[in-house]
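Good morning, colleagues. Please take a moment to look at the sequence and the structure before I begin.

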Amino acid sequence: MSSVQITFSVLVFLVVLALAFDFMNGFHDAANSIATIVSTGVLKPYQAVAWAATFNFLALFVFDLNVAATVGKGIVEAASIDHYVIFGALAGALAWNVITWLFGIPSSSSHALIGGMIGATLAGSGADSLVASGITKTALFILVSPTLGFLLGGLLMLATSWTFFKATPRGTDRWFRRLQLASSALYSLGHGSNDAQKTMGIIWLLLIAAGVTDMAAKRPPEWVVISCYLAIAAGTMFGGWRIVKTMGQKITKLKPVGGFCAETGGAMTLFLASGFGIPVSTTHTITGAIVGVGSSHNVSAVRWGLAGTIIWAWILTIPASAIMAAVAWWLGRMLL
């Protein structure tokens, strides 16, 4: 592809904006990693965010960059990307994240970014520049990831209940308080991998468009990889407490055994998605796992009205962020 003319100052501004989105992603989605371990009382909030942020960053050494490759080259045609599209996508996604954070709604930062890319690309060059296969795969996993989280979380809860049915509640609680440290660490690894790589893909697209990086490169520059993992870990450290309350206390009541099963089921789903390079929503995944754990006890243990509100936020995320991104693309044409 031929590079577009992007001044150095605009390039730096957009990289910083992308890292700001990555930080906001960690801030917004901190609840996904820590809500269960905080609500069960295993760790205090400040301990939980430090624990989660550490494993967000350690994902750097565990996973290949399959998700970054999907976002960078599998959602929109790289030849259609310029700095206006990148600005629109990031601004639209950031706007939706801020709105949902203010209302304490656990929406998907991942799908806000995908929606932003779609909206800005439609505004800039039309539908022909979209990659249907990548968008279809991402859209399919809006249903698959929470369903898989639901099934794995619920099945793990049932298996654990049968395995420990003779154990005393106090003994079970003591064991699973320890095990939940491991399950939350695994979930944070999956969260860091899948979500940080989406921002890597955006910056990679920007660098390709500016002619800084060769389109044939197999992975983004190393400074992009490290800075994205650092940004999401820093965002998690500050945590979005409004959403923590919704995820950890309002959907269903969790004990350490339930928190362990929800986190383990969610981590298994994220590891699978990251391995196949599928950008999924960590919010959808852990919400499905929490609902699955609650349902395994009693269907009435889940506050289905709140769950329905969350699902509506999921449905609206891509179109809402796409509209905001299209508006931001138009503003970017005037400002950049």
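Which residues form one aromatic cluster? They are Phe164, Phe176 and Phe260. Before I go further, I should state that this is a predicted model.

Let me turn to the overall architecture. The chain contains twelve helices and zero strands. Following the sequence from start to end, the pattern reads α-α-α-α-α-α-α-α-α-α-α-α. Of the 336 residues in the chain, 59% are buried. If we consider contacts between residues at least 6 apart in sequence, 90% of them join residues at least 24 apart. As for the surface, the chain exposes about 13,600 Å², and carbon and sulfur atoms supply 70% of that area.

I continue with the aromatic side chains. The structure holds seven aromatic pairs. One of them is formed by Phe63 and Phe271. A pair of aromatic rings is described by the distance of the centres and the angle of the planes. For Phe63 and Phe271, the centres are 5.0 Å apart and the planes stand at 85°, an edge-to-face arrangement. This pair links distant parts of the chain: Phe63 belongs to the loop between helix H2 (45-58) and H3, whereas Phe271 belongs to helix H10, and 208 residues separate them. Is each partner buried or partly exposed? Phe63 counts as buried because its relative accessible area is 13%, below the 20% limit for that class. Phe271 has 30% relative accessibility and therefore counts as partly exposed.

Two rings also have a charge above them. The charged end of Arg178 sits over the ring of Trp175, at 5.6 Å from the ring centre. Likewise, the charged end of Arg333 sits over the ring of Tyr84, here 4.7 Å from the centre.

Tyr84 deserves a few more words. Tyr84 is placed in helix H4 (residues 83-102) and counts as buried because its relative accessibility is 14%. Leaving aside residues up to four places away in sequence, what does Tyr84 touch? The contacts of Tyr84 are Trp329, Gly332, Arg333 and Leu336. Arg333 is thus both a contact of Tyr84 and the residue whose charged end sits over the Tyr84 ring. In addition, the C-alpha atoms of Tyr84 and Leu14 are separated by 9.7 Å, although the two residues are 70 apart along the chain.

I now move to the interior of the helical arrangement. Within helix H3 (residues 66-73), the buried residues are Val67, Ala68, Thr70, Val71 and Gly72. What covers them? The cover includes helix H5 (109-125), H6, helix H7 (169-209) and helix H10 (256-275).

Helix H6, which contributes to that cover, offers two contrasting positions. Thr138 is found in H6 and is buried, because its relative accessible area is 1%. Beyond residues up to four places away in sequence, Thr138 touches Ile75, His111, Ile114 and Pro279. Leu155 is found in H6 as well, a helix spanning residues 132-163. Leu155, however, has 53% relative accessibility and so counts as exposed, the threshold for that class being over 50%.

Leu155 also takes part in a surface feature. Together with Phe150, Leu151, Leu158, Trp162 and Phe165, Leu155 forms a nonpolar patch on the surface. The accessible area of these residues together is about 680 Å².

Finally, I come to the salt bridges. Side chains of opposite charge can pair when their charged atoms come close. How many salt bridges does the structure hold? The structure holds two. In one, Lys198 pairs with Asp195, and the closest N and O atoms are 2.7 Å apart. Both Lys198 and Asp195 lie in helix H7, three residues apart, about one turn of the helix. An α-helix has 3.6 residues a turn, so residues three or four places apart point the same way. Lys198 is buried, because its relative accessible area is 1%, and Asp195 counts as buried because its relative accessibility is 0%.

A further salt bridge joins the side chains of Glu222 and Arg219, with an N to O distance of 3.3 Å. Glu222 is partly exposed because its relative accessible area is 41%. Arg219, at 40% relative accessibility, therefore counts as partly exposed.

Thank you for your attention.

Conventions. Residues are numbered from 1 along each chain as its sequence is written. This is a predicted model: local features need pLDDT of at least 70, side-chain atom pairs count only at pLDDT 80 or more; totals for chains, interfaces and linings use all residues. Side-chain values use heavy atoms; hydrogens and water are left out. Patches are made of residues with over 30% relative accessible area and no salt bridge: like charges are joined within 9 Å, nonpolar side chains (Val, Leu, Ile, Met, Phe, Trp, Tyr) within 5 Å. Accessible areas come from the Shrake-Rupley method with a 1.4 Å probe; for residues, only the protein chains shown count as cover. A salt bridge is a side-chain nitrogen of Lys or Arg within 4 Å of a carboxyl oxygen of Asp or Glu. Helices (H or I, at least four residues) and strands (E, at least two) are DSSP runs, numbered from the N terminus. Buried means under 20% relative accessible area, exposed over 50%, partly exposed in between (1.4 Å probe, protein chains only). Contact means heavy atoms within 4.5 Å. Rings of Phe, Tyr and Trp (its six-membered ring) pair if their centres lie within 6.5 Å; planes under 30 degrees apart count as stacked, over 60 as edge-to-face and the rest as tilted. A charge sits over a ring if NZ of Lys or CZ of Arg is within 6 Å of the ring centre and within 35 degrees of the ring normal.
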